[in-house]
Amino acid sequence: MDLTAHATRNRDQWNAWAGDYVASAERNWAPDAKITWGIWDIPESEAKLFGPAGIERFSGSVAVELGSGAGYVSAWLARAGARVTGIDISDGQLATARRLQEQHTLDNITFIQASAEAVPLPDASFDLAISEYGACLWCDPYLWVPEAARLLKPGGELIFLTNGLLATLCANPQGMQDTEQLQRPLFGLHAVEWPLDEDDNSVEFHLPHGAWIDLFHANGLRVERLVELQAPEGATTRYTWANPEWARKWPSEEAWLLRKDRA
């Protein structure tokens, strides 16, 4: 598996973090788990990232989760009747995903160790590509978005959720959302690191909205919705860098919903 330099760093970092995500993965894989999104656990019934018809509309579909981590989004889709492939580079995260898949006997999921920047699967193979804080955050968008578009069938959908643009611009050098002032320029925004956090050697990727839209159009993807998510009243989160008061006033998370051109 050939990896870019930043992907190697992110793989090693996620192998170190993997144990911290086991408990939440076990909760989200449970048969009675509700579908919730992001760091604030916003219910799908409110976010509607799967649209008015809900996740059930993907029954019989073929889906790929890009940067699947511990695989719970893949599990949600599999239980809804989709055939799912999860792509991730972290040995630790994949070990959790495969253990839970076996525990819950979901045979319609396949996990593959690979980078979402170079997926070893054929063109036009999937009806849906999805990423919740996966490839959309940890892979270079100029690599993973063309891969997602390549993998989608004409008319297929791309759904991804990542940090909000304004949250990234306001986060301090440790990544804390504790300021209402801009901390970095918008122009030239791309790879982002947190140099004052000694425990974080990862590389994130963020783009201005205009750059995202240009990239989508260049790859035959049409924007259907941009959902700027607000933290619910009284929201809490395990993530110490997130500030619920800040996230009540500005979107700390955003979700893009796109469709591949049929032409």
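In which helix is the place of Gln 13? The tour of this predicted model opens with that residue and then moves to the sheet, its strands and the helices that lie across them.

**Stop 1: Gln 13**

Select helix H1, residues 5-17, which holds Gln 13. Gln 13 has a relative accessible area of 9%, and because the limit for a buried residue is under 20%, Gln 13 counts as buried. Display its surroundings next: Gln 13 touches Asp 199, Asp 200, Asn 201 and Ser 202, leaving aside residues up to four places away in sequence. Among these neighbours, Asp 199 also offers a polar partner, as its backbone oxygen lies 3.4 Å from a polar atom of the Gln 13 side chain.

**Stop 2: the sheet**

Now show the strands in cartoon form. An open sheet is formed by 7 strands, and reading across it gives the order S5-S4-S3-S6-S7-S11-S10, with mixed pairing. At the edges are S5 and S10 (221-229), each of which pairs on one side only. From one strand to the next, the twist averages 15°.

Begin at the S5 edge. Strands S4 and S5 pair in the parallel sense through 5 bridges. To see this pairing at residue level, select Ile 87, which stands opposite Ile 112 in S5. Then add helix H5 (residues 91-104) to the selection: S4, H5 and S5 together make a right-handed β-α-β unit.

**Stop 3: strand S11**

Move across the sheet to S11, residues 253-260, which pairs with S7 (residues 152-163) in the antiparallel sense over 7 bridges. One point to display here is Glu 157, whose bridge partner in S11 is Arg 259. S11 also runs antiparallel to S10, and 8 bridges join these two strands. On that side, Leu 221 stands opposite Lys 260 in S11.

Colour S11 by burial. The strand is mostly covered, with 8 of its 8 residues buried. In a regular strand, side chains alternate between the two faces of the sheet. For S11, one side carries Glu 253, Ala 255, Leu 257 and Arg 259, and the other carries Glu 254, Trp 256, Leu 258 and Lys 260; all of these are buried, and both faces of the strand are covered.

**Stop 4: Ser 131**

Return to strand S6 and select Ser 131. Is Ser 131 buried or exposed? With a relative accessible area of 2%, Ser 131 is buried. Its contacts, apart from residues up to four places away in sequence, are Leu 66, Cys 136, Ile 159, Phe 160 and Leu 161. Draw a distance from its side chain to the backbone nitrogen of Cys 136, which the side chain reaches at 3.3 Å. A second distance may be drawn to Pro 251: the two residues are 120 apart in sequence, and their C-alpha atoms are 18 Å apart in space.

**Stop 5: the helices across the sheet**

Select H7, residues 141-151. This helix lies across S3, S6, S7, S10 and S11, and runs at about 145° to S7. Next select H4, which lies across S3, S4, S5 and S6, and runs at about 145° to S6.

Why is H4 described as largely enclosed by the rest of the structure? Of the 8 residues in H4 (residues 72-79), 6 are buried, so the helix is largely enclosed. The buried residues are Val 73, Ser 74, Ala 75, Trp 76, Leu 77 and Ala 78. To view what covers them, display helix H2 (22-29) together with strands S1 (36-37), S3 (62-66), S4 (83-88), S5 (109-113) and S6 (126-132), which are included in that cover. After H4 comes Gly 81, with a positive phi near 105°.

**Stop 6: the nonpolar cores**

Keep Leu 77 selected and add Trp 37. Within the largest nonpolar core, which has 46 residues, these two touch the most other members. H4 gives the most to this core, with 5 residues. The neighbours to display around Leu 77, not counting residues up to four places away in sequence, are Ile 55, Phe 58, Ala 63, Ala 82, Val 84, Leu 128 and Ile 130. The tour ends at a second, separate core of 28 residues, where the members to select include Cys 139, Trp 144, Ala 149 and Leu 151.

Conventions
Residues numbered from 1 in each chain as written. Predicted model: local features only at pLDDT ≥ 70, side-chain atom pairs only at ≥ 80, totals over all residues. Heavy atoms only, no water. Buried < 20%, exposed > 50% of the residue type's maximum accessible area, 1.4 Å probe, protein only. Helix = DSSP H or I, 4+ residues; strand = E, 2+ residues; numbered from the N terminus. Contact = heavy atoms within 4.5 Å. Core = buried A, V, L, I, M, F, W, Y, C linked by side-chain atoms within 4.5 Å. Pairing = 2+ DSSP bridges. Axes fitted to C-alpha atoms, helices over the stretch in contact; angles between N-to-C directions. Polar contact = N/O pair within 3.5 Å; in protein donor to acceptor, adjacent residues only side chain to side chain. Right-handed = clockwise from strand over helix to strand, strands pointing away.
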